[in-house]
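Please read the following briefing alongside the sequence and the coordinates. It is arranged by topic for a structural biologist.

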Number of protein chains: 2
Amino acid sequence: MGVETTERRRRADGERSREKILQAAAELATIEGLNGLSIGRLADAVGMSKSGLYAHFRSKEELQLATVETASRILAAELEPGMAAPEGKARIIALCDAFLSHVERRVFPGGCFFASGAAELSTQPGRVRDLIATSYREWIALLQGEVRTAQAAGEIDEGEDPEQLVFELNGIIVAANVFFLLFDDARELERARRGVRERLENSH
Amino acid sequence: MGVETTERRRRADGERSREKILQAAAELATIEGLNGLSIGRLADAVGMSKSGLYAHFRSKEELQLATVETASRILAAELEPGMAAPEGKARIIALCDAFLSHVERRVFPGGCFFASGAAELSTQPGRVRDLIATSYREWIALLQGEVRTAQAAGEIDEGEDPEQLVFELNGIIVAANVFFLLFDDARELERARRGVRERLENSH
DNA sequence: GGAGATTACGACCGATCGTGCTAATTTGTC
DNA sequence: GACAAATTAGCACGATCGGTCGTAATCTCC
């Protein structure tokens, strides 16, 4: 889903460069922040000149938008093993596990890209903030869909409010993300796994 | 608890300026970030010159450390109504409510100072990060103490692990903080209040 | 009331920020 | 193989970054 990508012909080598830049940008942004990430340092990180970057992105904001989309793709790939689980309760647990696993393996060195991005930009109006909010909503909607599926299958009590349940589950795993990084302690992730399981067991 | 404050005599007018600076810094930092907060903009915000600020803080890091301590004091004052509740389960709920209330009233315009600071600095080694981590631990320890008190009073099941329970409770209210800001929707705070209550009811 | 410390300012430093302009090189297409 | 388009680098710009210095005004304390 491209954000009004102004189409223009791309050369193969350019495409490769662009991909390398965005991969580095997505990783760096979780450490320096999407604002703190500077064109100069990013150029150094990929071994290019600042103006070389500008051939691919006409402004910093456009670079940030493309970076968020790249992070979305990376996260989606990380969640794929979770999506492979049978739909319903099992998939919810598998998705949470996949998320916690990608935090633990430091796919993004600064933890979940969207947790970091949301914390940084939630109070800074603009297209980047909006894109992050939209992406986050998709993740929430995905989980809510699985909850409803699980309810239809009788795995989760019908009285349970999907929005409330997903709010709590997401809260648990996002907290694990922050604490794992802040305290450098893998037990935080284990607490999240336990919390998710027990919360789901309690809902039937 | 002062962080090795190099003592030096202070004049009454200087103390007032210093307080004004730190108040503005604590608020601004939740929007711009502790790194993104620049000396120049902060000076403008309080109507002083950059070099005027440097009469109070010898470096940006020292300003950041003092800002974190100021934020601690502000938060502690906000939690006071919670601490006024009878110890145990009631106080846990009152503390969570006080926290959510200070988010809703935007005591810090960018939400919880420590959630924002932890997200920004958790991967950036240094004294500021360490101070934030220490302050966060105090909050966690405070809640855990209340849980143990509640257990001793028979309000919470003895089988409940205080660390696990507080991890989940804190996850819920921190998630509310982020989502309230990102989606600009007060229902997120209501979900947190409900989540905290139900989680505590379930533990006995 | 005078000495000495504190507060505040303006000017200034080198570095880096995002962003243009230009030119050379590489690539894909007819 | 020629030509247009895409890619990348070099350079320079104005603004802003954190920080220093010298100096003037002001407060505190003996």
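The notes below cover confidence, symmetry, the contact between the protein chains, an enclosed helix and the surface near DNA.

This is a predicted model, in which local features need pLDDT of at least 70 and side-chain atom pairs count only at pLDDT 80 or more, whereas totals for chains, interfaces and linings use all residues. Residues are numbered from 1 along each chain as its sequence is written, while chains are lettered from A and ligands numbered from 1 in the order in which they are written.

**Confidence**
- Chain A has a mean pLDDT of 94, with 95% of its residues at 70 or more, pLDDT being the predictor's confidence in each residue, from 0 to 100.
- The pLDDT is below 50 over residues 1–6 of chain A, a stretch that has three contacts in the model beyond near neighbours in sequence; a contact requires C-beta atoms, placed from the backbone, to lie within 7 Å.
- Where pLDDT is low, the predicted coordinates should not be read in detail.

**Symmetry**
- A turn of 180° and a shift of 0.0 Å along the axis lay chain A on chain B with an RMSD of 0.0 Å, superposed by least squares on the C-alpha atoms of residues with pLDDT of at least 70 in both.
- The two copies are thus related as by a two-fold rotation axis, and A:G171 is the residue of chain A that comes closest to this axis, at 2.5 Å (C-alpha).

**Contact between chains A and B**
- In this interface, 31 residues of chain A are in contact with 31 residues of chain B.
- On the side of chain A that touches chain B, α6 (113–121), α7 (127–152), α8 (162–183) and α9 (187–202) of chain A each supply at least two residues, and α8(A) gives the most, with twelve residues; helices are DSSP runs (H or I, at least four residues), numbered from the N terminus.
- The same surface serves both copies, as 100% of the contact residues of chain A recur in chain B.

**The enclosed helix α6**
- Nine of the nine residues of α6(A) are buried, so α6(A) is largely enclosed by the rest of the structure; buried means that 20 or more other C-beta atoms, placed from the backbone, lie within 10 Å of the residue's own.
- The cover over the buried residues of α6(A) includes α1 (12–32), α4 (60–83), α7 and α8 of chain A together with α6 (113–121) and α8 (162–183) of chain B.

**Surface near DNA strand C**
- Among the 25 residues around DNA strand C, those that come nearest are A:S38, A:G40, B:G14, B:S51 and B:G52, where near means a C-beta atom, placed from the backbone, within 6 Å.

Notes: Two residues are in contact if their C-beta atoms, placed from the backbone, lie within 7 Å. A residue is buried if 20 or more other C-beta atoms lie within 10 Å of its own, exposed if 12 or fewer, and partly exposed in between; C-beta atoms are placed from the backbone.
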